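Here are my notes on the model you sent over. I've kept them as numbered points so you can follow along with the structure open.

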Amino acid sequence: MKKYKHLFFDLDETLWDYKANAVDTLIELFEKFELGTNGDLTADDFVAEFFRTNRELWRKFDKRLIDKDKIRQDRFPLIFERLGVDGHEDVAALQKSFIYESPKKGKLIDHADEILEALSKHYSMHIITNGFEEIQATKLKYSGLEMYFQEVVTSERANAQKPDPGIFLFAMEAANAKASESVMIGDNLITDIQGARGVGMEQVFFNPGKITHDLEVTHEINHLFELSGILLNV
Ligand SMILES: [Mg+2]
């Protein structure tokens with residue numbers, strides 16, 4: 001007998017390829033804003049510094065030291081400062097363009113589409129994501145993922161962010177799901193996995209980088225197609 005009825009997915013880096021989509025956007029913006037014309041800044045430097053700074057800011061966000069507005073506000077000024085591109089006049093426009101353009105990119109994590117298609121025939125599927133309503137909706141729409149999901153619960157909608165139990169409880173209520181018949185699938189051990197465990201929901205840790213950890217997880221996979229072994233052969 002099938003163990004679960006409801007599958008709750010994280011979005012960024014579990015299904016939607018945040019990294020690849022950010023790289024594509026940054027390279028376009030590097031050209032558009034002619035960042036390489038004055039000085040010796042290369043697109044590679046710009047992309048690499050974006051990820052360093054972004055990772056740092058998101059870690060602070062996950063520890064609740066800063067909010068999302070602060071990430072948006074500080075990211076590009078900090079990147080420019082670190083690259084020695086002082087007081088670039090286009091920083092505000094670049095910031096806006098990044099936020100506007102990157103969610104429209106549609107690259108997905110390998111096998112996301114096929115596995116969602118197969119799973120959608122057997123389960124009710126939902127998203128739980130720390131993000132803004134409008135941005136996450138744009139990603140789902142442009143990437144073609146929208147059709148697979150019934151409830152899309154963002155931290156903005158739930159007024160709580162993973163790993164806070166509030167967002168999981170909100171999502172289960174919206175989906176009319178019980179924790180015992182639900183599983184959370186995500187790439188972040190703290191926000192997705194510990195968060196789900198905190199409300200009694202089983203978890204699938206998507207670990208493409210094969211990081212080592214000593215947390216207890218219900219299932220662990222390195223590729224999304226492995227979900228079929230857990231969720232389709234039962
Ligand atoms: Mg994620």
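1. Let's start with one pairing. Glu181 makes a salt bridge with Lys5, and the closest N and O atoms sit 3.6 Å apart. Glu181 is in the loop between helix 8 (165-175) and strand 4, while Lys5 belongs to the segment before strand 1, so the bridge connects distant parts of the chain, 176 residues apart. Glu181 is buried, at a relative accessible area of 12%. Do keep in mind throughout that this is a predicted model.

2. Now the overall picture. The chain has 10 helices and six strands. For 234 residues, a compact globule would have a radius of gyration near 17 Å, and the 19 Å of this chain agrees with that. The C-alpha trace spans about 65 × 35 × 35 Å along its principal axes.

3. How much of the chain counts as buried? The figure is 48% of the 234 residues. The accessible surface comes to about 11800 Å², and carbon and sulfur atoms contribute 48% of that surface. As for contacts with a separation of 6 or more, 64% of them involve residues 24 or more positions apart.

4. The metal site deserves a look. Which residues supply the protein donors of the magnesium ion? They are Asp10 (OD), Asp12 (O) and Asp187 (OD), lying 2.1 to 2.2 Å from the ion. Written as a sequence pattern, the donor residues are spaced D-x1-D-x174-D. Asp10 is in the loop between strand 1 (6-9) and helix 1 (18-32), and Asp187 is in the loop between strand 4 (182-186) and helix 9 (189-198), which puts the two 177 residues apart.

5. Are the two aspartates at the ends of that pattern buried or exposed? Asp10 counts as buried, at 6% relative accessibility. Asp187 counts as partly exposed, at 27%.

6. Asp12 turns up again in a salt bridge, this time with Lys139, where the closest N and O atoms are 3.0 Å apart. Asp12 lies in the loop between strand 1 and helix 1 and Lys139 in helix 6 (residues 133-143), so this pair ties together parts that are 127 residues apart in sequence. Both partners are buried: Asp12 has a relative accessible area of 18%, and Lys139 comes in at 5%. Asp12 therefore appears both as a magnesium donor through its O atom and as a salt-bridge partner of a buried lysine.

7. How many salt bridges does the structure hold? There are 14. One of them joins Lys121 and Glu117, with the closest N and O atoms 3.2 Å apart. Lys121 is exposed, at a relative accessible area of 61%, whereas Glu117 counts as partly exposed, at 37%. Elsewhere, salt bridges that share partners join Glu49, Arg52, Glu56 and Arg82 into one network.

8. Asp17 is worth a click. This residue is found in the loop between strand 1 and helix 1. Asp17 is buried yet has no salt bridge, and the nearest side chain of opposite charge, Lys19, is 6.8 Å away. Side chains of opposite charge can pair when their charged atoms come close. A salt bridge here requires a nitrogen within 4 Å of a carboxyl oxygen, so the 6.8 Å to Lys19 does not qualify. Leaving out residues up to four places away in sequence, Asp17 touches Lys107, Leu108 and Ile109.

9. Arg75 is another buried charged residue, with a relative accessible area of 5%. Its place is in helix 3 (residues 68-83). Not counting residues up to four places away in sequence, Arg75 touches Tyr18, Phe50, Thr53, Asn54, Leu57, Trp58, Gln95, Phe98 and Ile99. The C-alpha atoms of Arg75 and Val91, which are 16 residues apart along the chain, are separated by 9.8 Å.

10. Last stop, Phe206 in strand 5 (residues 202-206). Phe206 counts as buried, at 3% relative accessibility. Beyond its neighbours within four places in sequence, Phe206 is in contact with several residues, among them Glu13, Thr14, Ile109, Ile221 and His223. Its contacts also include Asp187, one of the magnesium donors from point 4, and Gly186. The C-alpha atoms of Phe206 and Gly186 are separated by 5.5 Å, with their positions 20 residues apart along the chain.

Methods
Residues are numbered from 1 along each chain as its sequence is written. This is a predicted model: local features need pLDDT of at least 70, side-chain atom pairs count only at pLDDT 80 or more; totals for chains, interfaces and linings use all residues. Side-chain values use heavy atoms; hydrogens and water are left out. Donors are N, O and S atoms within 2.8 Å of the metal (3.2 Å for Na, K and Ca); water is not among the atoms, so sites may look incomplete. Helices (H or I, at least four residues) and strands (E, at least two) are DSSP runs, numbered from the N terminus. Buried means under 20% relative accessible area, exposed over 50%, partly exposed in between (1.4 Å probe, protein chains only). The radius of gyration is taken over C-alpha atoms; the globule rule is 2.2 Å times the number of residues to the power 0.38. Contact means heavy atoms within 4.5 Å. Accessible areas come from the Shrake-Rupley method with a 1.4 Å probe; for residues, only the protein chains shown count as cover.
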